[in-house]
Amino acid sequence: MELLTTKQLTMQFGGLVAVNKVDFTIAQGETVGIIGPNGSGKTTFFNMLTGIYKPTAGEIYFLGQQITEARPDYAFRLGIARTFQNGRLFWKLNVLENVLMGLHSRQKSFILDALFRSRREREEEALAVAEAQKILSFFSQNLLQQQDKLAASLSYADRRRLEICRALVSKPKLLILDEPSAGMDPNETTELVHDIRKIREIQPQISIIVIEHDMGLIEGLANRVMCLSSGEKIAEGTFAEVSRDQMVIHAYLGE
Ligand code: ADP
């Protein structure tokens, strides 16, 4: 079943067409990789899917509902969660609190003064904490052990993992990962591929879109790959098909 579809999706900044008439679809349970040279429109495409940018033309459908002009909060409530290329953790909050922030739409009260909480809110909070700890323990025992540490004190790789936990805690239908292995060494990247694959054990039907420069990660994760170049979709298929596509090779070599 199709989860998200774009039709002729376009984003223009002044005279620059950053994403040009892109038709894309992802089914439930699928992992799709988006590749392309720098400046090819990958992040802009993500920003439209998550409501950060309003497309200048084209349409986005989520479970059949048109969400082309949905704002980020609404996209989140529908079940679209994302991580950011440069990471956006709350440095002065601890690891557990950072994961809980991923529930912010459901758990607005979490960081309010305890005195003002009703019993029901406290019960909800306890459930949320249990859920956050479950995600941490599943995704990384190491992170769970550090749940009381400030996010700022984590290693770089653990920060990136924490971001994924924060996105997962809301049980999204679609998880969007923006360069999850950026800044990681090859061993850390291999571990990350393993961890991301494991997500399906707890959320079998989740769909994942991942932007990556690391082709090993894309090969290890993606059922299907779309390549963008100068805002246009130039190839789509399995990793093997796309990586031997002449237009793709040319787009990368010509960078
Ligand atoms: P990628 O993620 O593939 O590196 P981007 O989506 O970041 O590519 O950028 C695609 C093009 O759109 C680039 O030429 C970039 O400079 C331009 N661009 C991205 N965001 C903006 C913006 N907010 N305003 C103007 N131009 C932008």
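So, helix 1: buried or exposed? It's mostly covered, with eight of its eight residues buried. Keep in mind as I go that this is a predicted model. The buried residues in helix 1 are Lys-42, Thr-43, Thr-44, Phe-45, Phe-46, Asn-47, Met-48 and Leu-49. Then, just after helix 1, you get to Gly-51, which takes a positive phi of about 80°.

Let me pick one residue out of there. Phe-46 is found in helix 1. Why do I call Phe-46 buried? Because there are 22 other C-beta atoms within 10 Å of Phe-46, and the cut-off for buried is 20 or more. And what does Phe-46 touch? If you leave out residues up to four places away in sequence, the partners are Arg-82, Ile-176, Asp-178 and Ile-211. Have a look at Ile-34 as well, which sits 12 residues from Phe-46 along the chain. The C-alpha atoms of those two are separated by 9.8 Å.

Okay, staying with helix 1, on to the ligand. Which element gives the most to the shell around the ligand? That's helix 1, with three residues. The full list around the ligand is Phe-13, Leu-16, Ala-18, Gly-36, Asn-38, Gly-39, Ser-40, Gly-41, Lys-42, Thr-43 and Thr-44. Two elements put two or more residues into that shell, namely strand 2, residues 16-27, and helix 1, residues 42-49. If you sort the shell by class, you get three nonpolar, seven polar and one charged. Lys-42, Thr-43 and Thr-44 are worth finding on your screen, as they turn up in the ligand list and also among the buried residues of helix 1.

Strand 2 takes us to the sheet. How many strands does this open sheet have, and in what order? There are four, in the order 2-1-4-5, and the pairing is antiparallel. Strand 2 and strand 5 are the edge strands, each pairing on one side only. A quick reminder on sheets in general: strands pair through backbone hydrogen bonds, either parallel or antiparallel.

Let's walk across, beginning at strand 2. Strand 1, residues 2-13, pairs with strand 2 in the antiparallel sense, over eight bridges. These two strands form a hairpin with two residues between them, and Gly-14 in the turn has a positive phi of about 55°. Next pair over, strand 1 and strand 4, residues 57-62, run antiparallel and are joined by five bridges.

Thr-5 is a handy marker here. On one side, Thr-5 stands opposite Thr-25 in strand 2. In strand 4, the bridge partner of Thr-5 is Tyr-61. Follow Tyr-61 further and you find Gln-66 opposite it in strand 5. So you can trace a path over the sheet, from Thr-25 to Thr-5, then to Tyr-61, then to Gln-66.

The last pair is strand 4 with strand 5, residues 65-66, antiparallel over two bridges. Phe-62 has Gln-65 as its bridge partner in strand 5. This pair also makes a hairpin with two residues between the strands, and here Leu-63 in the turn has a positive phi of about 50°.

Zooming out now. The protein chain has 10 helices and 10 strands. How compact is it, then? The radius of gyration is 19 Å, close to the 18 Å that the globule rule gives for 255 residues, so the chain is as compact as a globular protein of that length. The C-alpha atoms fill a box of roughly 60 × 40 × 35 Å along the principal axes. Over the chain, 39% of the 255 residues count as buried. On contacts, taking those with a separation of 6 or more, 67% are between residues 24 or more positions apart.

Last bit, the domains. The chain is divided into domain 1, which is 1-79 + 172-255, and domain 2, which is 90-166. Their centres, taken over C-alpha atoms, are separated by 27 Å. The contact takes 10 residues from domain 1 and nine residues from domain 2. On the domain 1 side, helix 2 (72-78) and helix 7 (186-202) are the elements giving two or more residues. By class, that side of domain 1 has five nonpolar, one polar and four charged residues.

Terms used: Residues numbered from 1 in each chain as written. Predicted model: local features only at pLDDT ≥ 70, side-chain atom pairs only at ≥ 80, totals over all residues. Domains from an automatic or database assignment. Contact = placed C-beta atoms within 7 Å. Nonpolar A, V, L, I, M, F, W, Y, C, P; charged D, E, K, R; others polar. Near = placed C-beta within 6 Å. Pairing = 2+ DSSP bridges. Rg over C-alpha atoms; globule rule 2.2 N^0.38 Å. Buried ≥ 20, exposed ≤ 12 C-beta atoms within 10 Å, placed from the backbone.
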